[in-house]
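Student: I have a set of questions about this model. Please reason each one through and finish on the value or name I ask for.

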Amino acid sequence: MLEIHNLHATIGEREILKGLSLTVNAGEVHAVMGPNGSGKSTLSKILAGSEDYVVTSGSIRFDGRDLLGLSPEQRAAAGVFLGFQYPVEIPGVSNMVFLKAALNAQRKQRGEPELEAGDFLAWVRHRVKQMKMDPAMLSRGVNEGFSGGEKKRNEILQMLVLEPRLMVLDETDSGLDIDALKIVSEGINALRAPTRATLLVTHYQRLLDYVQPDVVHVLSGGRIVKSGGPELARELEEKGYGWLDAA
Amino acid sequence: MLDNIVTAIEALPDLSPERRAALAALLRHGLPSTQDEDWKYTDLLALSALTPQDIAPNIDTHEFPEGYDCGLDALNTALAGGRQARSIEGRVELDTGRHGRYRLTVTDDAELLLDDSGAARFATCFLAIELAPRARLRLTRVLGADAEAHRIIRLKVSVAEDARLDAVTIDLGGRFVRHDLDISLDAPGAAATVHGLYAPRGSGHVDNHVRIDHRAPHGASRGFFRGLAYDRACAVFNGKIVVHGHAQKTDSELRIANLLLSKRAQINAKPELEIYADDVKCAHGATFGRLDPAALFYLRTRGVPEASARALLTYSFANEILQHIADSALRTTLTGRFLERLGGDIDIGMLR
């Protein structure tokens, strides 16, 4: 479903990704772990279409299509979702308006009819409940005055509403207490399906206790330096990342 | 530069001696020039583009004053054909899209809508409004004039003890526009809140000068203004708070935020404070910015096309003011008109 081949990317003068290759098949959950500054967030943002980075070589294919040739909104309509490490606050645009604008824009791009107001409301309310959020949040500004944990929950709520096919979650577990971590994990697991894939970008192993990955990769110095099963995550948790550099 | 105005007035049938006196006062005082600090960015020479037909003075129907304190005052009187004085209560609408001169008093509770649909090429409208003790006025001034409209609008509001003014001003159009809003908090407990949005486009020039005088202790004022300029438009905003010597315990806040939506647009905005009392709370600030790239990217990653994302963020900036329009039907109409001009395929149904 997602094939990244020999990806090089820079921000300003600095090269962050230095030949990253990764393949994620439909139905799989992959975790990308690594120390700070290894390029984890860069990878997430490039997948979503950030213009802050320049891809200097390599390719990304999504369902066989050239992902790098698509705008962020086209990628979203194709089914790519990025859960932000630092979700943006948009005062003045309510969560409800935001969700409606997003869902209808995606449907329109895919040539599907817009949802009826009543159907949309039911669709959203059900998922707000699923994320154990207060429905009153829907009329508040997007992430406006939300705590770190509430923002992360809101990312998963958006994901549940939009039902993407590739879920890229950038440090979604950071800033969550244990209860919120469980709710967020349940949200992610609810979308696991043979037709979907997930890329969990994380610094810690604890999210992986709740969302079992099929494959764990270690990103270091802008490349995948090691891949393995779920046991690799536990090994990293015990030993840290230092031993990889030595290896 | 006043030739066209003189011609238009002199063409009126049965020109009264009072009218002649107003015209003479106009010629004696002249109009302010860009040498005057208050007119630095707004050049009244623009009026010379008007034909005598555009100027279209009213016939004499009202009282003329004894004297004039400035050229603009005389201009307005000469064009309006005198002044109407009346007391208002309940809901009242006035058309500021034609020459007019009013003295209004509010003794109880009133809602005043000053609407300008913009059919006339030129209008001057000067209003003096007095709020009696404990009176309340909700004032909405809307300028939706077309791209060729020239306007000079002046509002002076005096607020007595424990009286309260809540004003919303919205400027969405016009070619050459100058608005003065002078609020005088004359007695203890007088309060005023003003929310203003100015959004010129095309080659429009919209200048707002707002001044609030705290002349008595325990007065409160709030001013929240937002400006955005598109195309080659120019917005001018000057907000001045004056706290006079004995106006202790004044509580005042003035915030101005501006959004530039095109490289060729310009906004000149300035807050000014003059404080002559020592026990006061006055906060002010002005910001200038462009649409937040992080918010744009966030919206786009959710599937919202770039043009719609821009429109939505621009709307959210303006809605901080639009949402204060008390009349919901008017609010809906103006919001719809605002969204339409943004393009980007965002309609009001989507924002409910």
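Student: How many of the residues of helix α1 (residues 40-48) of chain A are buried?

Tutor: This is a predicted model, and a residue in it counts as buried if 20 or more other C-beta atoms lie within 10 Å of its own. The residues of α1(A) that meet this include Lys40(A), Lys45(A), Leu43(A) and Ile46(A). The helix is therefore mostly covered, and the count of buried residues, out of 9, is 8.

Student: Which residue follows α1(A), and what is the sign of its phi?

Tutor: The residue after the helix is Gly49(A). Its phi is near 105°, and the sign is positive.

Student: Is Ser21(A) buried, partly exposed or exposed?

Tutor: Ser21(A) is in strand β2 (residues 14-24) of chain A. Around Ser21(A) there are 13 other C-beta atoms within 10 Å. Buried needs 20 or more and exposed needs 12 or fewer, so Ser21(A) is partly exposed.

Student: Which residues does Ser21(A) contact, leaving aside its neighbours within four places in sequence?

Tutor: A contact requires C-beta atoms within 7 Å. With the neighbours within four places set aside, the contacts of Ser21(A) are Ile4(A), His5(A), Asn6(A) and Ile224(A).

Student: What separates the C-alpha atoms of Ser21(A) and Val225(A)?

Tutor: Along the chain, Ser21(A) and Val225(A) are 204 residues apart. In space, their C-alpha atoms are separated by 10.0 Å.

Student: Are α6(B) and α7(B) roughly parallel or roughly antiparallel?

Tutor: The axes of α6(B) and helix α7 (residues 328-342) of chain B come within 10 Å and cross at roughly 150°. Angles over 145 degrees count as roughly antiparallel. The relation of α6(B) to α7(B) is therefore roughly antiparallel.

Student: What is the class make-up of the contact of α6(B) with α7(B)?

Tutor: On the α6(B) side the contact is made by Ala311(B), Thr314(B), Tyr315(B), Ala318(B) and Leu322(B). From α7(B) the residues include Arg331(B), Thr335(B) and Phe338(B). By class, the residues of this contact divide into 8 nonpolar, 2 polar and 1 charged.

Student: Which element gives the largest share of the side of chain B that touches chain A?

Tutor: The contact takes 19 residues from chain B and 23 residues from chain A. On the chain B side, the elements that give two or more residues are α5 (293-301) and α6 (306-322). The largest share, 7 residues, comes from α6(B).

Student: How many residues on that side of chain B are nonpolar?

Tutor: The side of chain B that touches chain A has 5 polar and 4 charged residues. Its nonpolar residues number 10.

How values were computed. Residues are numbered from 1 along each chain as its sequence is written. Chains are lettered from A and ligands numbered from 1 in the order in which they are written. This is a predicted model: local features need pLDDT of at least 70, side-chain atom pairs count only at pLDDT 80 or more; totals for chains, interfaces and linings use all residues. Two residues are in contact if their C-beta atoms, placed from the backbone, lie within 7 Å. Helices (H or I, at least four residues) and strands (E, at least two) are DSSP runs, numbered from the N terminus. Ala, Val, Leu, Ile, Met, Phe, Trp, Tyr, Cys and Pro count as nonpolar, Asp, Glu, Lys and Arg as charged, and the others, Gly among them, as polar. Axes are lines fitted to C-alpha atoms, for helices over the stretch in contact, and angles run from 0 to 180 degrees between N-to-C directions. Angles under 35 degrees count as roughly parallel, over 145 as roughly antiparallel, 65 to 115 as roughly perpendicular and the rest as oblique.
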